[in-house]
Amino acid sequence: MPPPYGQRAYPGDYSGVPAIAYAPKPDGQPDPGEVVWTWVPYEEDHSVGKDRPVLLVGSDGDWLLAVMLTSKDHDHDARQEHRAGREWVDVGLGAWDRSGRASEVRVNRIIRVDPDAIRR
């Protein structure tokens, strides 16, 4: 059975610093700068994960690169998150959260996303 995040096997998280882009186009194709939904594999085990919104930030070959969003406020536990190796940045409100909550993105984990696995 193919993985829930696309038809291809997940090649692992992107390492390094990608060329960050903001280039949304109204052409129906996913572009850097858009928030979309996709399956995000867990960091510790890529065979399991969860459906969540991500911010597209660039590409790596035919894979898109994304950072995951959360509505959990990590400001109150920033030191604990930093010690655990997780860095979060506030991005504000958006239509991706039906409850209208502010969101944050995790900036030190870049996920590869199969463009065919994206939903809006």
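This report describes the fold, strand pairing and selected residues of a predicted model.

## Overall fold

The chain contains one helix and six strands. Their order along the sequence is β-β-β-α-β-β-β. With a radius of gyration of 14 Å, close to the 14 Å that the globule rule gives for 120 residues, the chain is as compact as a globular protein of that length. Along the principal axes, its C-alpha atoms fill a box of roughly 40 × 35 × 30 Å.

Of the 120 residues, 38% are buried. Among contacts with a separation of 6 or more, 54% join residues 24 or more positions apart.

## Surface and charge

The accessible surface of the chain amounts to about 7,200 Å², and carbon and sulfur atoms contribute 52% of that area. The charged side chains comprise 15 positive and 20 negative ones. The centres of these two sets are 3 Å apart.

## Strand E3 and its partners

Strand E3 spans residues 63-70. Eight of its eight residues are buried, so E3 is largely enclosed by the rest of the structure. The strand pairs with E2, E5 and E6, as set out below.

Strand E2 (residues 49-60) runs antiparallel to E3, and six bridges join the two. Within this pair, leucine 56 stands opposite alanine 66 of E3. The hairpin of E2 and E3 has two residues between the strands, and glycine 61 there adopts a positive phi near 65°. E3 is also antiparallel to E6, to which three bridges join it. Here leucine 65 faces arginine 112 of E6 as its opposite residue. The pairing of E3 with E5 is antiparallel as well and involves two bridges. Across it, leucine 69 stands opposite valine 105, and threonine 70 stands opposite glutamate 104.

## Strand E5 between E3 and E4

Strand E5 covers residues 103-106, with Ser103 and Val105 pointing one way and Glu104 and Arg106 the other way. Residues on both sides of the strand are buried, the charged Glu104 and Arg106 included.

Besides its two bridges to E3, E5 has four bridges to E4 (residues 88-92), again in the antiparallel sense. Glycine 92 has serine 103 of E5 as its bridge partner. E5 thus has pairing partners in both E3 and E4.

## Aspartate 90 and histidine 74

Aspartate 90 belongs to strand E4. Its relative accessible area is 49%; the partly exposed class runs from 20% to 50%, so aspartate 90 falls within that class. Along the chain, aspartate 90 and serine 103 are 13 residues apart, while their C-alpha atoms are separated by 6.1 Å. Apart from neighbours within four places in sequence, aspartate 90 contacts Asp75, Ser103 and Glu104. Two of these, Ser103 and Glu104, are buried residues of E5.

Histidine 74 is in the loop between E3 and helix H1 (78-83). Buried means under 20% relative accessible area, and histidine 74 has 7%, so it counts as buried. Not counting residues up to four places away in sequence, histidine 74 touches Glu81, Trp88 and Glu104. Of these residues, Glu81 lies within the range of helix H1, Trp88 within that of strand E4, and Glu104 within that of E5. Glu104 is therefore a contact of histidine 74 as well as of aspartate 90, and the residue opposite threonine 70.

## Proline 115

Proline 115 is located in the segment after strand E6 (111-113). At 29% relative accessibility, proline 115 is counted as partly exposed, because its value lies between the 20% and 50% limits.

Leaving out neighbours within four places in sequence, proline 115 is in contact with Arg8, Pro30, Asp62 and Leu64. Leu64 falls within strand E3 (residues 63-70), and E3 is joined to E6 by three bridges. Proline 115 and glycine 28 are 87 residues apart in sequence, and their C-alpha atoms are 12 Å apart in space.

Technical notes
Residues numbered from 1 in each chain as written. Predicted model: local features only at pLDDT ≥ 70, side-chain atom pairs only at ≥ 80, totals over all residues. Heavy atoms only, no water. Buried < 20%, exposed > 50% of the residue type's maximum accessible area, 1.4 Å probe, protein only. Pairing = 2+ DSSP bridges. Contact = heavy atoms within 4.5 Å. Rg over C-alpha atoms; globule rule 2.2 N^0.38 Å. Areas by Shrake-Rupley, 256 points an atom, 1.4 Å probe, with all protein chains shown as cover. Charge placed at Lys NZ, Arg CZ, Asp CG, Glu CD.
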